Amino acid sequence: MSQRVNRTVKPGVGSEEKEAERRPPSVLFLYVLQAFLGLGAIAGGVMLIIDPSGSMMGMPADIVLKRSPFSDYLFPGIILLAVFGLFPFLVLYGMVKKPRWAWADTLTPFKELHSSWALSLYVGFGQIIWIMVETYIMNSVSLVHVFYMSLGLLIQIVTLLPSVQRFFLLPPGRGSHLPDREAGSYKVNL
């Protein structure tokens, strides 16, 4: 026989902190987008590095790269692997763990938000620029370009959602990138 037990649970010490750290679905979706971009770029970058001729991917370098400064895909493969493969995973780590990165703090004008938030926005911008340059060099647009351009735009849109910004908002005086005397006067309405 099963019995139903009703218990009243009183919030313990630190429950407000746990509530504040609960990740909204939009933040979880942003994690998925960053991971998806990273995995795809790692696969593509490794394939281009292994076979710089492009034949493995069906993109012969002598035809596709006519308008580019590259004779093969080695250097673009390295950029793809590092910037859009590994870097999104670094950003994902920053979004999950929220470490204090001095190097990232210097790259963001959004001092009231954790630096990984700005880095996520930058990944979206970078992805869009990468695809625009790629389509210019190739002098064609394919479904893959539309998909990855849309992925970059979606990363930006999700990063800019108010619920995502609220999650990455730094508490004044506690970990804020602003000096303590300025942190108290800083107001952000989301």
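# Questions about a predicted all-helix chain

Reader: Let's start with one glutamine: does Gln156 count as buried or exposed?
Author: Happy to begin there, and please keep in mind that this is a predicted model. The relative accessibility of Gln156 is 9%. The cut-off for burial is under 20%, so Gln156 counts as buried.

Reader: Thanks! Which helix is Gln156 found in, and which residues does Gln156 touch?
Author: Gln156 belongs to helix H7, which covers residues 143-160. Leaving aside residues up to four places away in sequence, the residues that Gln156 touches are Leu121, Gly124, Phe125 and Ile128.

Reader: Stepping back to the whole chain, how many helices and strands does the chain have?
Author: Read along the sequence, the pattern is α-α-α-α-α-α-α-α-α. The chain therefore has zero strands, and its helices number nine.

Reader: Of the 190 residues of the chain, what percentage count as buried?
Author: Burial here means a relative accessible area under 20%. Among the 190 residues of the chain, the share that counts as buried is 37%.

Reader: And among contacts between residues at least 6 apart in sequence, what percentage join residues at least 24 apart?
Author: The starting set is the contacts in the chain between residues at least 6 apart in sequence. Within that set, the share joining residues at least 24 apart is 67%.

Reader: Now for helix packing: how are H4 and H6 oriented to each other?
Author: Their axes come within 9 Å and cross at roughly 155 degrees, and the crossing is left-handed. Angles over 145 degrees count as roughly antiparallel, so H4 and H6 are roughly antiparallel.

Reader: Which residues in H4 and H6 meet, and how do the residues of the contact of H4 with H6 divide by class?
Author: On the H4 side are Pro76, Ile79, Leu80, Phe84, Phe87, Pro88, Val91, Gly94 and Met95. They meet Ser116, Leu119, Ser120, Val123, Gly126, Gln127 and Trp130 in H6. By class, that contact has no charged residues, five polar and eleven nonpolar.

Reader: H6 also packs with H2; how are H2 and H6 oriented to each other?
Author: Helix H2 spans residues 25-50 and helix H6 spans residues 115-138, with axes 12 Å apart. The angle between them is about 45 degrees, and the crossing is left-handed. An angle of that kind lies outside the parallel, perpendicular and antiparallel ranges, so H2 and H6 are oblique.

Reader: Which residues of H2 and H6 make the contact?
Author: The residues of this contact divide into three nonpolar, three polar and no charged. From H2 come Leu30, Gln34 and Leu37, and from H6 come Ser120, Val123 and Gln127.

Reader: Let's turn to charges: which residue forms a salt bridge with Arg100?
Author: Side chains of opposite charge can pair when their charged atoms come close. The structure holds one salt bridge. Its closest N and O atoms are 2.9 Å apart, within the 4 Å cut-off, and the partner of Arg100 is Asp105.

Reader: Are Arg100 and Asp105 buried or exposed?
Author: The relative accessible area of Arg100 is 53%, over the 50% cut-off, so Arg100 is exposed. For Asp105 the relative accessibility is 10%, under the 20% cut-off, so Asp105 counts as buried.

Reader: What is the phi of Lys98, and where does Lys98 lie?
Author: Most residues other than glycine have a negative phi, and most peptide bonds are trans. Lys98 lies in the loop between helix H4 (74-97) and helix H5 (102-105), and is partly exposed at 24% relative accessible area. Although Lys98 is not a glycine, its phi is positive, at about 55 degrees.

Reader: And what is the phi of Asn139?
Author: Asn139 is found in the loop between H6 and H7. Asn139 is exposed, with a relative accessible area of 56%. Its phi is positive in a residue other than glycine, with a value near 60 degrees.

Reader: What distance separates the C-alpha atoms of Lys66 and Met138?
Author: Lys66 sits in the loop between helix H3 (61-64) and H4, and counts as exposed at 66% relative accessibility. Lys66 and Met138 are 72 residues apart along the chain, and their C-alpha atoms are separated by 7.8 Å.

Reader: One last pair: what distance separates the C-alpha atoms of Pro162 and Ser26?
Author: Pro162 lies in helix H8, residues 162-167, and at 42% relative accessibility counts as partly exposed. Along the chain, Pro162 and Ser26 are 136 residues apart, while their C-alpha atoms are separated by 9.5 Å.

How values were computed
Residues numbered from 1 in each chain as written. Predicted model: local features only at pLDDT ≥ 70, side-chain atom pairs only at ≥ 80, totals over all residues. Heavy atoms only, no water. Axes fitted to C-alpha atoms, helices over the stretch in contact; angles between N-to-C directions. Helix = DSSP H or I, 4+ residues; strand = E, 2+ residues; numbered from the N terminus. Parallel < 35°, antiparallel > 145°, perpendicular 65-115°, else oblique. Left-handed = near helix turned anticlockwise from the far one by under 90°. Contact = heavy atoms within 4.5 Å. Nonpolar A, V, L, I, M, F, W, Y, C, P; charged D, E, K, R; others polar. Salt bridge = Lys/Arg side-chain N within 4 Å of Asp/Glu carboxyl O. Buried < 20%, exposed > 50% of the residue type's maximum accessible area, 1.4 Å probe, protein only.
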